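I opened a fresh page for this structure. My notes follow in the order I looked things up.

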Amino acid sequence: MTDLRHFSLALFAAVAAGLVTFFTGSAEPVGLAVLLPLLGLGLLAATRGAWTPMSATIAIGLGVILTLHVWPGFHNPPIWQDRHFCADCRAHSLYLSLDQALLVVAWLPLLIGRWRPTRAWNTLAAGVATITAAIALGIATGLFRWQPGWPGTSLLTMFAVANLVTVAAEELLFRGLLQRHLLRPLGPFHAWWLTALIFGLAHLPFGIEFAIVATAAGLGYGWIAWQSGSLWPAIALHWLVNLLHFSLFSYPMLA
């Protein structure tokens with residue numbers, strides 16, 4: 001049975017977002033051309049109920065391209081550049097990732113609630129365990145230290161908004177696409193840990209310590225996405241972990 005309700009929402013949101021980025025000068029026509037494959041793959045998912053192995057592979061590849069900001073024609077506005085949040089912290093730059101935002105609005109309505117539900121207490125316990133593990137590993141590996149400090153309402157708001165876009169794109173790519181695609185050939189358990197490992201390896205350019213913490217966090221995000229029946233809890237947890245890191249610890253990491 002064909003169900004185009006979620007695709008219609010994705011189509012409207014993607015076109016609206018594309019027009020806003022174009023008329024504000026943040027995206028060129030070559031950048032907005034990415035909406036064609038995004039919405040085409042979305043239509044396949046809406047009409048068939050799932051992506052085929054080939055279309056899923058193309059979707060994952062396209063998601064990686066947008067997440068890594070490789071697709072041309074986007075001018076992601078900087079929020080801050082080369083900012084040091086502590087004397088011995090590495091410099092950090094933050095951008096509003098409009099290319100990732102288009103990925104989110106085009107596919108999130110299609111993938112947000114396709115898995116079976118579970119008890120809320122299990123989700124909460126997994127979230128607490130994930131936060132605890134990520135903090136413990138980050139401190140143990142010397143990635144960051146306890147360094148609470150109020151960054152200011154303006155900085156915190158800008159980070160929260162920009163990071164929510166990035167987090168939603170990453171969860172859509174890793175848990176919504178990759179983990180879900182691996183369920184059928186590997187089963188839920190192997191799809192879960194393998195996706196978390198790939199998620200950790202994707203953070204390897206930031207150092208082995210960062211990759212270790214990301215893998216542990218990815219296990220938590222993946223477990224919640226698998227068990228909860230929705231990507232919303234995984235997105236919320238991922239965003240909260242990053243927000244706690246930004247607010248209470250050395251950010252982004254010690255030099």
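**Entry 1: the strands**

Which residue in β2 is the bridge partner of Trp-80? I looked it up in the model, which is a predicted one. The partner is Leu-94. I then checked how the two strands run. β1 covers residues 78-83, and it pairs with β2 in the antiparallel sense over 3 bridges.

Next I sorted the faces of β2, residues 92-95. His-92 and Leu-94 make up the covered face. Ser-93 and Tyr-95 make up the uncovered one. I noted the general pattern beside this: in a regular strand, side chains alternate between the two faces of the sheet.

**Entry 2: salt bridges**

I asked how many salt bridges the structure holds. I found 2.

One joins Asp-88 to Arg-145, with the closest N and O atoms 2.9 Å apart. This pair links distant parts of the chain, as its residues are 57 apart. Asp-88 sits in the loop between β1 and β2. Arg-145 sits in the loop between α6 and α7, and α7 spans 153-186. I checked cover for both. Asp-88 is partly exposed, at 32% relative accessibility. Arg-145 is also partly exposed, at 34%.

In the other, the side chains of Arg-175 and Glu-171 meet at 2.6 Å, N to O. Both residues lie in helix α7, 4 residues apart, so about one helical turn separates them. Are they buried or exposed? Arg-175 is buried, with a relative accessible area of 0%. Glu-171 is buried too, at 0%. I added a general reminder: side chains of opposite charge can pair when their charged atoms come close.

**Entry 3: the cores**

I turned to the nonpolar interior. The largest nonpolar core has 51 residues. Leu-38, Trp-51, Trp-107, Leu-177 and Leu-231 have the most contacts inside it. Another core lies apart from it, with 10 residues. Phe-159, Ala-160, Ala-162 and Phe-246 are among them.

I picked Leu-231 and listed what it touches beyond four places in sequence. The list includes Leu-108, Leu-111, Ile-112 and Ala-225. Glu-171 and Arg-175 are on that list as well. Those two are the partners of the salt bridge within α7.

**Entry 4: pairs across the chain**

I looked up Gly-229 next. It lies in the loop between α9 and α10, and α10 spans 232-248. Gly-229 is buried, since its relative accessible area is 10% and the cut-off for buried is under 20%. Its C-alpha is 8.5 Å from that of Ile-112, though their positions lie 117 residues apart in sequence.

Ala-129 gave me a second pair. This residue is in helix α6, residues 120-140. Ala-129 is partly exposed, at 46% relative accessibility. The C-alpha atoms of Ala-129 and Gly-220 are 7.6 Å apart, and the two residues are 91 apart along the chain.

Then I checked Thr-67, in helix α4, which runs from 53 to 67. Thr-67 is buried, at 13% relative accessibility. What does Thr-67 contact beyond four places in sequence? I found Gln-100, Leu-103 and Leu-173.

**Entry 5: a surface patch**

I searched the surface for nonpolar residues. Phe-189, Trp-193, Leu-197, Leu-201, Leu-204, Ile-208 and Ile-212 form a patch there. Together they have about 630 Å² of accessible area. Which helices each supply at least two residues of it? They are α8 (188-202) and α9 (208-228). The largest share comes from α8, with 4 residues. I took Leu-197 as a sample from α8. Leu-197 is partly exposed, at 36% relative accessibility.

**Entry 6: backbone oddities**

I started from a general rule: most residues other than glycine have a negative phi, and most peptide bonds are trans. I then looked for exceptions.

His-69 has a phi near 60 degrees, a positive value. It lies in the loop between α4 and β1. His-69 is partly exposed, at 39%.

Asp-82 has a positive phi as well, near 50 degrees. It is in strand β1. Asp-82 is exposed, with a relative accessible area of 58%.

My last look-up was a peptide bond. The one from Tyr-251 to Pro-252 is cis, with omega near 0 degrees. Pro-252 is in the segment after α10.

Technical notes:
Residues are numbered from 1 along each chain as its sequence is written. This is a predicted model: local features need pLDDT of at least 70, side-chain atom pairs count only at pLDDT 80 or more; totals for chains, interfaces and linings use all residues. Side-chain values use heavy atoms; hydrogens and water are left out. Buried means under 20% relative accessible area, exposed over 50%, partly exposed in between (1.4 Å probe, protein chains only). Contact means heavy atoms within 4.5 Å. A nonpolar core is a set of buried Ala, Val, Leu, Ile, Met, Phe, Trp, Tyr and Cys residues joined through side-chain atoms within 4.5 Å. Patches are made of residues with over 30% relative accessible area and no salt bridge: like charges are joined within 9 Å, nonpolar side chains (Val, Leu, Ile, Met, Phe, Trp, Tyr) within 5 Å. Accessible areas come from the Shrake-Rupley method with a 1.4 Å probe; for residues, only the protein chains shown count as cover. A salt bridge is a side-chain nitrogen of Lys or Arg within 4 Å of a carboxyl oxygen of Asp or Glu. Two strands pair if DSSP finds at least two bridges between them.
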